Amino acid sequence: MDLGIAGRRALVCAGSKGLGRGAALALAEAGVGIVLNARGAEALERTASEIRDRFGVPVTPIAADITTDTGRAEVLAQAGDIDILVTNAGGPPPGHWADWARADLQAAIEANMLTPIFLMQAVLPGMLERRWGRVVNITSQSVRAPIPELGLSNTARAGLTGFVAGVARQVAAQGVTINNVLPGLHATDRATALDTRVAAAEGITMAEVARRRMETIPARSYGDPRDFGAICAFLCGEPARFIVGQNILVDGGTTNITL
Ligand code: NAP
């Protein structure tokens, strides 16, 4: 399918690995030039080179912490006018509600709520002026079905989801769509880190953790970040212009809801 976005420019945040990387690869495959962000320069350069080599689109890597004011300012200044924004950042650690101090809550809210909100506030005016734009926020299945030990994530992402629900309807008439994509379990470094904690806490092997997790997923596998990226890219395409303000689960059927 021709997504009709060749030649457009996208900013993909937290995109050197995992789900953000999947989104960057899929957008580049559709002919989109990529401004690619992550903190670590090595993996960032590696992914940037891979995208250039495979798809021949321009790629601008910017090593910065997207969750800080200075990092965001640097990324936005170098990115200039962009047509497509994919927001993403590392997820908060798991834990117990009784242990979360103000600083833990603030860090989660900064990374997973305020960062995407500030990024949208920065790029939406230009998109509205040019009467075209796409925003995809990578959130989590926990928005629909909160995961108790990921309470920091549940809390911050609920705020972002509420923000998007309103704003998406305010900008749609000018050709700008905003949607959230909600990953379930995908095979990334983040999933490996979470599985490692479970294996250590329960004294079981990583293979056993994976087996138990897959029993909870009707598709009986972890998701592939490349498939996830293709869904993000589709939402950024011309044919997706009528998808507005949605929270789209990509979780192999794990979240058993009808609405
Ligand atoms: P991942 O494999 O650990 O990759 C995270 C990426 O984000 C890396 O490129 C990392 O590079 C970058 N990054 C992290 N913090 C950053 C920051 N402050 N500024 C800029 N870049 C940053 O993680 P993932 O699995 O793709 O997860 C992405 C998001 O989806 C997370 O918020 C996660 O909670 C959520 N999620 C994931 C799953 C899953 O199963 N994978 C499920 C539900 C939700 P650097 O470390 O070099 O910065």
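**Exercise 1.** Determine which side chain Ser-142 joins in a polar contact, and describe the place of Ser-142.

Solution. Step 1: the side chains of Ser-142 and Asn-154 are joined by a polar contact of 3.4 Å. A polar contact is a pair of N or O atoms within 3.5 Å; within protein, one must be able to donate a hydrogen and the other to accept it, and residues adjacent in sequence count only if both atoms are side-chain atoms.
Step 2: Ser-142 is placed in the loop between β5 and α5. Helices (H or I, at least four residues) and strands (E, at least two) are DSSP runs, numbered from the N terminus.
Step 3: Ser-142 has 2% relative accessibility and counts as buried. Buried means under 20% relative accessible area, exposed over 50%, and partly exposed in between, with a 1.4 Å probe and protein chains only.
Step 4: residues up to four places away in sequence aside, Ser-142 touches Ile-147, Ser-153, Asn-154 and Arg-157. Contact means heavy atoms within 4.5 Å.

The model is predicted: local features need pLDDT of at least 70, side-chain atom pairs count only at pLDDT 80 or more, and totals for chains, interfaces and linings use all residues. Residues are numbered from 1 along each chain as its sequence is written, and side-chain values use heavy atoms, with hydrogens and water left out.

**Exercise 2.** Locate Asn-137 and list its contacts beyond four places in sequence.

Solution. Step 1: strand β5, residues 133–138, contains Asn-137.
Step 2: the relative accessibility of Asn-137 is 0%, so this residue counts as buried.
Step 3: with neighbours within four places in sequence left aside, Asn-137 is in contact with Thr-87, Pro-116, Met-120, Leu-160, Val-164, Ile-178, Asn-179, Asn-180 and Val-181.

**Exercise 3.** Count the disulfides, then examine Cys-13 and Cys-232.

Solution. Step 1: a disulfide is a pair of cysteine sulfur atoms within 2.5 Å. The count by this rule is 0 disulfides.
Step 2: for Cys-13, which is in no disulfide, the nearest cysteine sulfur belongs to Cys-236 and is 12 Å away. Cys-13 is buried, at a relative accessible area of 0%.
Step 3: Cys-232 is in no disulfide either, and the nearest cysteine sulfur, again that of Cys-236, is 7.0 Å away. Cys-232 also counts as buried, at 0% relative accessibility.

**Exercise 4.** Describe the surroundings of the ligand.

Solution. Step 1: there are 28 residues around the ligand, and Ser-16, Leu-19, Ala-89, His-186 and Thr-188 come nearest. A residue is near a molecule or strand if one of its heavy atoms lies within 4 Å of it.
Step 2: a polar backbone atom of Gly-90 is 3.4 Å from a nitrogen atom of the ligand.
Step 3: a polar backbone atom of Asp-189 is 3.4 Å from an oxygen atom of the ligand.
Step 4: an N or O atom in the side chain of Arg-190 is 3.2 Å from an oxygen atom of the ligand.

**Exercise 5.** Examine phi of Ala-14 and of Arg-131, and place both residues in the fold.

Solution. Step 1: Ala-14 is not a glycine, and its phi is positive, near 50 degrees. Ala-14 belongs to the loop between β1 (9–12) and α1 (18–29) and counts as partly exposed at 21% relative accessibility.
Step 2: Arg-131, also not a glycine, has a positive phi of about 60 degrees. The loop between α4 (102–130) and β5 holds Arg-131, which is exposed, with a relative accessible area of 51%.

**Exercise 6.** Trace what lies around Pro-61 and around Asp-69.

Solution. Step 1: Pro-61 lies in strand β3, residues 59–63, and counts as partly exposed at 22% relative accessibility.
Step 2: Pro-61 and Val-35 are 26 residues apart along the chain, and their C-alpha atoms are separated by 5.9 Å. Residues up to four places away in sequence not counted, Pro-61 touches Leu-36, Leu-44, Glu-45, Ala-48 and Arg-52.
Step 3: Asp-69 is in helix α3, residues 69–79, and counts as exposed at 57% relative accessibility.
Step 4: the side chains of Asp-69 and Arg-72 are joined by a polar contact of 2.6 Å. The C-alpha atoms of Asp-69 and Thr-115 are separated by 8.6 Å, with their positions 46 residues apart along the chain.
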